[in-house]
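Reader: I've got a model open and I'd like to learn how to read it. Can we go through it together, feature by feature?

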Amino acid sequence: MAKNILICDDAAFMRMMIKDILTKNGYNIAGEAENGAKAVEKYNETKPDLVLMDITMPEMDGIQALKKIKEADPNACIIMCSAMGQQAMVIEAIQSGAKDFIVKPFQAERVLEAVKKVVG
């Protein structure tokens with residue numbers, strides 16, 4: 001059964017890139033969100049198997065969204081995406097319950113490796 005994945009990034013081209021990598025490898029896209037507030041909303045609507053969440057987003061950042069989602073669903077699987085130089089935020093994300101993180105710019109193999117590790 002294909003896994004449903006929610007993609008959260010404020011950059012449309014990043015969402016498109018991730019969506020492309022995942023769909024080519026048999027994953028379903030449950031939805032997309034352009035900020036943390038929308039990510040929480042979409043998560044509650046779609047109940048995806050996995051969320052790929054950017055850290056730096058407007059309205060609500062990825063770490064706040066991660067905490068809100070984990071509050072509502074302690075079993076939520078979330079992989080954080082960050083630009084280089086955001087180590088402190090990555091550490092906070094992992095401590096808050098993120099399963100893994102991917103560094104931008106994305107490499108398809110790394111995205112797939114992280115996704116497979118978390119949801120198979």
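Reader: Let's start with a loop. Where is the place of P105?

Author: One thing to keep in mind: this is a predicted model. P105 sits in the loop between β5 (100–103) and α5 (108–119). Look at the peptide bond before it, and read off omega: the bond joining K104 and P105 is cis, with omega about -5°.

Reader: Okay, and what about phi? Which residue in the loop between α2 and β3 should I look at?

Author: Try K47, which is found in that loop. The thing to look for is a positive phi in a residue other than glycine, and K47 has one, near 45°. K47 comes just after α2. There's another case in the loop between β3 and α3, namely E59. Phi of E59 is near 65°, again positive in a non-glycine residue.

Reader: Is E59 buried or exposed?

Author: Go by relative accessibility, with exposed meaning over 50%. E59 comes out at 70%, so it counts as exposed. For contrast, take S82 in strand β4. S82 has 2% relative accessibility and therefore counts as buried. Skipping residues up to four places away in sequence, S82 touches I55, V90, I102, V103 and K104.

Reader: Now helices. Which residues are buried in α2?

Author: The buried ones are G36, A39, V40 and Y43. The trick is to look down the axis and see how they spread: they cover an arc of only 100°, which puts them on the same side of α2. Then ask what they pack against, and here the partners are β1 (4–8), β2 (28–33), β3 and α3. Check the helix start too: a side-chain oxygen of N35 reaches to within 3.0 Å of the backbone nitrogen of A37.

Reader: Let me try that recipe on α3. Which of its residues are buried, and what covers them?

Author: In α3 (residues 62–72), you'll find G62, I63, A65, L66, I69 and K70 buried. Those residues fall within an arc of 160° seen down the axis, so they line one face of the helix. Their cover includes α2 (36–46), β3 (50–54), β4 (78–82) and α4 (87–95). Turn to the face away from the buried side and you meet the exposed residues E71 and A72.

Reader: And what caps the N-terminal end of α3?

Author: That's D61, with a side-chain oxygen 3.0 Å from the backbone nitrogen of I63.

Reader: What about K68, which is in α3 as well?

Author: K68 is an in-between case: its relative accessible area is 42%, so it is partly exposed. Leaving aside neighbours within four places in sequence, K68 is in contact with V40 and M60. You can also relate sequence to space here: K68 and G120 are 52 residues apart along the chain, and their C-alpha atoms are separated by 24 Å.

Reader: Last one, helix packing. At what angle do α3 and α4 pack?

Author: For a pair of helices, look at the angle and the distance between axes. Here the angle is about 5° and the axes are 10 Å apart. The two helices are therefore roughly parallel to each other. Then look at who meets whom: I63, L66 and K67 in α3 meet M89, E92 and A93 in α4. By class, that contact has 4 nonpolar, no polar and 2 charged residues.

Key: Residues numbered from 1 in each chain as written. Predicted model: local features only at pLDDT ≥ 70, side-chain atom pairs only at ≥ 80, totals over all residues. Heavy atoms only, no water. Buried < 20%, exposed > 50% of the residue type's maximum accessible area, 1.4 Å probe, protein only. Helix = DSSP H or I, 4+ residues; strand = E, 2+ residues; numbered from the N terminus. Arc of directions from axis to C-beta. Contact = heavy atoms within 4.5 Å. Polar contact = N/O pair within 3.5 Å; in protein donor to acceptor, adjacent residues only side chain to side chain. Axes fitted to C-alpha atoms, helices over the stretch in contact; angles between N-to-C directions. Parallel < 35°, antiparallel > 145°, perpendicular 65-115°, else oblique. Nonpolar A, V, L, I, M, F, W, Y, C, P; charged D, E, K, R; others polar.
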